[in-house]
Every structure is written in structure tokens, then in C-alpha cells.
Amino acid sequence: MGDVGCARGEVRRARYAVAAVFAVHGAVTGTFATRVPWIQDHAALSSGQLGFALAFTAFGASCAMPLAGRISHRFGSRTALRGLLTLWTLSLVLPSLAPNLYSLCLAMFAYGASAGMADVAMNALGVEVERLLGKSIMSGLHGMWSAGALTGSAAGTLAAHLGSDARLHFALTAAVLTVLGLAVCAWVLDLRPAEDEEPPPRFALPPRSALLIGTIGFCAVFAEGASLDWSAVFLRDRLDGSAGVAAACTTGFMLTMALARIAGDTVVNWFGAVRTVRGGGILAVLGGLLIVVAGHPAVAMGGFALMGLGIAVVVPLCFAAAGHAGPNPSQAIAGVATITYTSGLIAPGLIGGVAQATSLVVSFCVVTVLACGLAVFAGVLRAAERGTRKEISRQPAAVPGPRS
């Protein structure tokens with residue numbers, strides 16, 4: 001792709017636009033999560049059937065994410081993101097319309113596929129804006145995703161409390177988020193391939209660099225999925241915490257993640273990606289140890305907070321490292337995203353299986369061991385650190401702009 005000049009102000013506007021895209025993407029996820037019980041009742045599913053249907057989300061995302069790079073190559077990054085984000089916001093309606101298990105599986109496959117493709121497209125654009133600005137912004141972008149998810153969750157909680165029909169709730173939310181998404185996409189960078197550039201393959205195995213980076217992401221997302229889905233159960237069953245305290249623990253974990261991601265770019269710009277992830281890994285391990293030895297809910301809540309603080313910036317930095325590590329950012333990001341989605345899929349079930357065979361304490365011992373991997377393998381993110389420092393060292397008066 002060829003480079004053309006672009007004012008730094010345009011890149012700053014693109015940064016805010018991509019941040020808004022992340023928030024819209026997160027709002028869809030937060031909205032859906034609050035109405036899962038309604039969907040289960042509407043489709044008359046058992047817990048096992050519901051879990052089976054929800055697994056199709058990750059399956060759809062894993063199948064479709066490699067297509068995002070080719071779509072961006074064909075239509076340009078702005079048009080591709082506009083279309084993929086619209087598919088994602090509108091797909092929110094599908095699960096609420098499913099009357100049975102089979103239709104819900106199809107709906108969740110489509111929901112996951114659109115989520116994954118939009119995820120890859122927006123992260124690839126985020127990496128490009130980061131490259132042009134010459135400083136870390138990916139943690140803040142993912143912080144906006146968390147803020148969007150919390151906003152969607154809050155609105156969904158209110159809708160559920162009022163007893164609203166999820167079909168109407170999802171339709172109205174999808175309409176609002178679609179309009180917002182289309183509006184903010186007008187300001188993202190419009191990257192287009194050079195005439196002689198070969199399109200990426202429709203499907204391809206992740207490059208070796210993505211596999212190594214994905215190992216870090218796997219450890220972080222495993223800890224995140226285990227904490228989100230099992231923290232409340234841990235406080236209730238292991239420490240006899242009340243329902244309110246158990247719910248507060250999960251909410252606190254999400255808030256810690258969001259705040260740490262929003263502040264994470266400053267830390268990364270000070271200390272670099274590798275040191276930040278190593279320090280985060282140490283915090284996550286300390287949090288895991290507190291959880292394992294906790295004899296009181298307050299101690300476990302502190303442990304989960306440390307866990308969230310330690311893993312918050314890891315996935316954003318993994319995407320940044322993938323985008324800087326090779327000539328095809330979308331393909332590398334898709335590879336890392338596939339690995340992290342897989343981790344998020346298997347974590348809750350594996351934690352439950354270990355707990356069934358032993359105890360929840362042993363389950364979180366496994367989480368703590370995996371958290372050690374963040375500190376041990378943080379060096380694979382050095383490519384992102386070198387890429388960012390290289391851009392900073394140039395300090396151009398006018399940065400390269402959208403490629404066309």
C-alpha cells in the first residue's frame with residue numbers, strides 16, 4: 001500500500017472515531033449478556049442446551065475472522081468497517097427471535113461471525129492509528145470497549161428489571177447503535193491497497209508470530225473468563241458471601257478492567273509493552289494467590305481486583321504486537337483473536353470441570369499458574385515495543401496518512 005500525507009489532526013480525529021467504534025462494539029455485547037435468561041426462557045432451553053448454543057458464538061467468530069482482511073482489501077478500511085459494524089449491531093436482534101435450540105445456534109453463529117469480523121477490522125485500524133501517532137493507544141481503545149459494555153449492561157439491566165420484551169429491547173438498541181456506528185465510521189482512516197498488492201487469502205493459518213503472541217492472550221483471556229463467570233460463585237459457595245456481595249465482586253472486577261485499560265496507555269508509554277505485561281503478570285499472580293488462600297469475601301474481592309488490574313492491558317497489547325509484527329496486520333490480528341476467543345470459550349467450562357472433580361480453590365490454582373505465563377512469556381511482545389519506539393523516534397512534522 002502506498003502512503004500519502006495526512007495532517008496529525010486528522011489522525012487524532014480518527015483515534016477518537018475508532019474509540020467510539022470500540023464503545024459501540026462493546027455496547028452490543030453488554031446488551032446481549034443481560035438478556036440471556038430471557039432468551040433461555042423464550043427458547044425453552046435447559047442450562048446445557050443454552051451453553052451449547054452460546055458456544056456457536058466463538059465458533060462463528062473463529063470461522064469468519066480470517067475474512068475481515070480480505071473484505072478490507074476489497075472495499076477499503078472505512079467502507080469495510082462501516083459494513084461489518086452494521087452487521088454486528090443488527091445481529092443483536094437475531095438471538096431474541098430464535099424460538100428453539102436449532103434456530104438459536106444459527107443465530108449465535110451469525111452473531112459471533114459478525115462480532116469477530118468487526119473486531120478484527122476495528123483492531124487493525126486501531127493499530128494503524130497507533131503507528132501513525134507513535135504512541136500506545138490500544139489499551140485505551142479496549143477500555144472504551146469495556147465502557148461500552150458496561151453502558152449496554154446497565155441499560156439492559158434496567159430493561160430486564162422493567163420486564164421488557166427482549167425483542168423490542170434489542171431492536172431499539174440495534175437501531176440506535178447502528179446509527180451511532182455509521183456516524184463515527186465517517187471519521188476513521190480510509191486505508192486502501194496499492195494497485196499491485198495481492199489480496200490476502202480467504203482463509204489462512206495464523207502466522208507463527210501470531211501463535212506466539214496468542215499464547216500471552218490465551219493466558220489473559222482464560223483468567224478473565226474464569227473470573228467473570230466464577231467470581232460470584234466462588235464468593236457465594238466457598239466463602240458464604242451474600243448474593244449482593246457476590247454480584248458486587250463481578251461488577252468490581254469489570255470496573256477494574258475498564259479503568260486499568262483506560263489508564264493503561266500511559267503506563268505502556270512509560271515502561272513499554274514487555275515491562276507492563278510482566279508487571280501485570282506479577283499482579284495477576286498475587287491476585288490469584290489471594291483468591292486461593294482467602295478466608296473472607298473481602299480478601300477474595302481484593303484478589304479478583306488485582307487479577308483484573310494485572311490482565312487488563314494484555315489483550316490490547318497482543319493485538320498491537322500482532323499488527324506490528326508482520327506485513328499483514330489483519331491476518332495476524334485475526335490469528336491472535338481466534339486464539340483468545342478459543343480461550344474465552346473453554347475457560348468457564350474447564351474451571352467448572354476442575355471444580356466438579358476437586359474444588360473451586362484448585363480451579364483458581366490453575367488460573368494462577370496460567371497467570372505466571374504473562375510474566376514468563378512477555379518478551380514475545382517486544383515487536384510491538386520496537387515498532388512503537390521506531391515511530392516515536394521519527395517525530396515527523398506531518399505523519400504518513402491513509403494508504404491508498
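# Report on an all-helix predicted model

The face of helix H9 turned away from its buried side carries the exposed residues Leu-168, Leu-172 and Val-179. Here, buried means under 20% relative accessible area and exposed over 50%, with partly exposed in between (1.4 Å probe, protein chains only). Helices (H or I, at least four residues) and strands (E, at least two) are DSSP runs, numbered from the N terminus.

This is a predicted model, in which local features need pLDDT of at least 70 and side-chain atom pairs count only at pLDDT 80 or more, while totals for chains, interfaces and linings use all residues. Residues are numbered from 1 along each chain as its sequence is written, and side-chain values use heavy atoms, with hydrogens and water left out.

**Overall picture**

The protein has 17 helices and zero strands. Of its 404 residues, 53% count as buried. Contact means heavy atoms within 4.5 Å; among contacts between residues at least 6 apart in sequence, 87% join residues at least 24 apart.

The pLDDT, which is the predictor's confidence in each residue from 0 to 100, has a mean of 85 in the protein, and 88% of the residues reach 70 or more. Residues 1-5 stay under 50, and the model has 18 contacts for them beyond four places in sequence. Over residues 391-404 the pLDDT is also below 50, and this stretch has 37 contacts beyond near neighbours in sequence.

**Helices H9 and H3**

Helix H9 (residues 166-185) has 20 residues and reaches 27 Å from its first C-alpha to its last, close to the 28 Å expected at 1.5 Å a residue. The expected span of a helix is 1.5 Å times one less than its number of residues. Among the buried residues of H9 are His-169, Phe-170, Leu-177 and Cys-185. The buried residues of H9 fall within an arc of 155° when seen down its axis, so they line one face of the helix; the arc is that of the directions from the helix axis to the C-beta atoms. They pack against helices H1 (8-34), H2 (36-43), H5 (77-91), H6 (93-97) and H8 (138-161). At the N-terminal end of H9, Asp-165 acts as a cap, with a side-chain oxygen 2.7 Å from the backbone nitrogen of Arg-167.

Helix H3 (residues 47-64) has 18 residues that should span 26 Å, and its end C-alpha atoms are 27 Å apart, which agrees. Its buried residues include Leu-50, Thr-57 and Gly-60. Down the axis of H3, the buried residues lie within an arc of 155°, so they line one face of the helix. Their cover includes H2, H4 (67-75), H7 (101-133) and H15 (329-357).

**Nonpolar core**

A nonpolar core is a set of buried Ala, Val, Leu, Ile, Met, Phe, Trp, Tyr and Cys residues joined through side-chain atoms within 4.5 Å. In the largest one, which has 114 residues, Phe-234 and Phe-364 touch the most other members. H7 gives the most to this core, with 18 residues. Leaving aside neighbours within four places in sequence, Phe-234 is in contact with residues including Ile-291, Phe-304 and Phe-364.

**Positive phi in loops**

Two residues other than glycine have a positive phi, as listed here.

| Residue | Phi | Loop | Relative accessibility |
|---|---|---|---|
| Ala-44 | near 55° | between H2 and H3 | 65%, exposed |
| Asp-240 | near 55° | between H10 (208-238) and H11 (243-271) | 68%, exposed |

Key
Polar contact = N/O pair within 3.5 Å; in protein donor to acceptor, adjacent residues only side chain to side chain.
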